[in-house]
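Please look through the structure shown below with the sequence beside it, and then follow the paragraphs that come after it.

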Amino acid sequence: MSDASAAGDSNHIEELYQYVESLNEAKDKSQNVKDYQGIIDTAKSSIKAKQLAAQFIPRFFKFFPTLSGPAIDTHLDLIEEEELGVRVQAIRGLPLFCKDTPEHIAKIVDILVQLLAAEEFVERDAVHKALMSLLTQDVKASLTALFKHIGSVDEPSTDEIIREKVLSFIRDKIFPIKAELLKPQEEMERHITDLIKKSLEDVTGAEFRMFMDFLKSLNIFGEKAPPERMKELIGIVEGQADLDAVFNVSDADHIDRLISCLYMALPFVVRGASSSKFLNYLNKHIIPVFDKLPEERKLDLLKALAEISPYTTPQDSRQILPNVVQLLKKYMPRRKTGEETNFTYVECLLYTFHHLAHKVPNATNSLCGYKIVTGQPSDRLGEDFSELYKDFTERLSNVEELTRATMKKLTQGMAEHNKAMAAAKSDEAKNNIKTQKQNTTTGLRTCNNILAMTKPLHSKTPSFIGDKSINLSWKEATKPSVPATAATTGGKRPATTANGSSNVPSKKGRGAGGLQNQLVNRALEDLSHGGRSGSRGRGRGWGGRGRGRSYR
């Protein structure tokens, strides 16, 4: 820097301090228009003067409404300066524009949102802190402005990169401190819930799960929440599942979304929400075309159906039971056919059958030939269903024979695994054998469950299992959760690392997880025709609505 430029720089800084001193001393600062205008003008001089002006322009902004336009424009110029120090100082000053003039919050949030994509860490950090400052000043207005950048079907986001940055900021910065930020609690939790519900019209699968997990964590949806709150949550999931859409069995994307949403609905059903809309849709559209569903999603559907069956109403149970019995008969052939028996399918369907029949026992008279008396006309005791009883019990006996043969081979296999483990030298070999033993154990649990559920069904007046005495085989390993999805089809938002999707496997899986299901069924393969692979991989992407956002 030359002596002349250094002197000029010093003069600009001296002028700035004079303007500031004059403003500080003034009792009615609004009369010192020339001083504030001087600060604005000096912001167009040297780098040091610009850094100082970035502090002073917002500090005195509230006193000069007639200069608000030039003041903000000049400050925005500072934000676009090449010098990093000037940009950072200008970003830090943005929240001050709203301290006493809250009507500017939406505009300042919009400016900061555009800066979320800054390359320099120190600059991004300043943006994050400035946004948090605004949220502290006025959480309602700031959240509203932020969520506009996520978009909806009616007001789509115009910049995908910025949209992802906003989602990341909400997920990483806002969600973790919701207890401190959302005050007054009930009012602000309701406000952010409404913002999220609007945004869910056009999201990826990963984004939907992220938002639903957050909503479940709010106090208004907590343990003491009234039934209507559970109804609200399951209503959100039902909307995402497209239960009002015309079903097309070739639309694998809708099938994926439907099954994923069914899993997400489970916790709300357990807490008292109605599953009727899901069950009616499954009964009308999905179960009748079960054979045509993608192989990798059949087991997911049956597992979800099994897990939801204890919570069905008698009316829903009576409606869905005939289709369940037909499906059960398909996978419990009357005689050995030489085809594979998928034991996990049978376990799921028997469990579902028991829990549905427990609620409407006399419905099984005309379906399976039982003679259960309830005193209602639906008992149909005057009709002869003896052939149905013979058919059903022969199917039970056949699957029991196959199951016992498979158990014998699995037990033998376990002994071989134990011998192999004793002889294994490398850690890799030991881990492989350990996995095989775990799969064999799960296979044995599946078989034991089948035998426990078929045994009471040989009676002409069976007692159906309606309690928790049967622990589904996959529940031993993993609690029920949302199926993770990987491959992408259809047309919603392409998921990115910013919205929570990456190449890292999800900690949540479909029941016991797709890979484990595959390995367990593989352990059953060729053991008395035991077990087609029920779940290959992690599933497909789900989307198909909105502006073309695919689900992962």
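**Aromatic rings and their surroundings**

Lys460 lies over the face of Tyr389, at 5.4 Å from the ring centre. The model you are looking at is a predicted one, and in it a second lysine is placed in this way, for Lys29 lies over the face of Phe63, at 5.7 Å from the ring centre.

Tyr389 also belongs to a group of rings, since Phe353, Tyr370, Tyr389, Phe392 and Phe464 form one aromatic cluster. To follow such a cluster, it helps to know that a pair of aromatic rings is described by the distance of the centres and the angle of the planes.

The structure as a whole holds 15 aromatic pairs. In one of them, the ring centres of Phe353 and Phe464 are 5.8 Å apart and the planes stand at 90 degrees, and because an angle over 60 degrees counts as edge-to-face, this pair is given that name. The two partners come from distant parts of the chain: Phe353 sits in helix α18, which covers residues 343-359, while Phe464 sits in the loop between α21 (427-454) and α22 (514-524), and 111 residues separate them.

Are these two rings buried or exposed? Phe353 has a relative accessible area of 0% and is therefore buried, and Phe464, at 9% relative accessibility, counts as buried because the limit for that word is under 20%.

Phe464 has another partner in Tyr370, and this aromatic pair is edge-to-face too, with 6.0 Å from centre to centre and 65 degrees between the planes. Tyr370 lies in the loop between α19 (365-368) and α20 (386-423), whereas Phe464 lies in the loop between α21 and α22, so the pair ties together parts that are 94 residues apart in sequence. Tyr370 is itself buried, with a relative accessible area of 2%.

**Cysteines**

How many disulfides does the structure hold? The number is 0. Two cysteines can still be described by their surroundings: Cys348 counts as buried at 1% relative accessibility, and Cys368 counts as buried at 0%.

**Confidence in the model**

The protein averages a pLDDT of 85, and 84% of the residues score at least 70. Over residues 477-481, however, the pLDDT is below 50, and this stretch has 10 contacts in the model beyond near neighbours in sequence. Over residues 518-549 the pLDDT stays under 50 as well, and here the model has 147 contacts beyond four places in sequence. Where pLDDT is low, the predicted coordinates should not be read in detail.

Conventions
Residues are numbered from 1 along each chain as its sequence is written. This is a predicted model: local features need pLDDT of at least 70, side-chain atom pairs count only at pLDDT 80 or more; totals for chains, interfaces and linings use all residues. Side-chain values use heavy atoms; hydrogens and water are left out. Rings of Phe, Tyr and Trp (its six-membered ring) pair if their centres lie within 6.5 Å; planes under 30 degrees apart count as stacked, over 60 as edge-to-face and the rest as tilted. Helices (H or I, at least four residues) and strands (E, at least two) are DSSP runs, numbered from the N terminus. Buried means under 20% relative accessible area, exposed over 50%, partly exposed in between (1.4 Å probe, protein chains only). A charge sits over a ring if NZ of Lys or CZ of Arg is within 6 Å of the ring centre and within 35 degrees of the ring normal. A disulfide is a pair of cysteine sulfur atoms within 2.5 Å. pLDDT is the predictor's confidence in each residue, from 0 to 100. Contact means heavy atoms within 4.5 Å.
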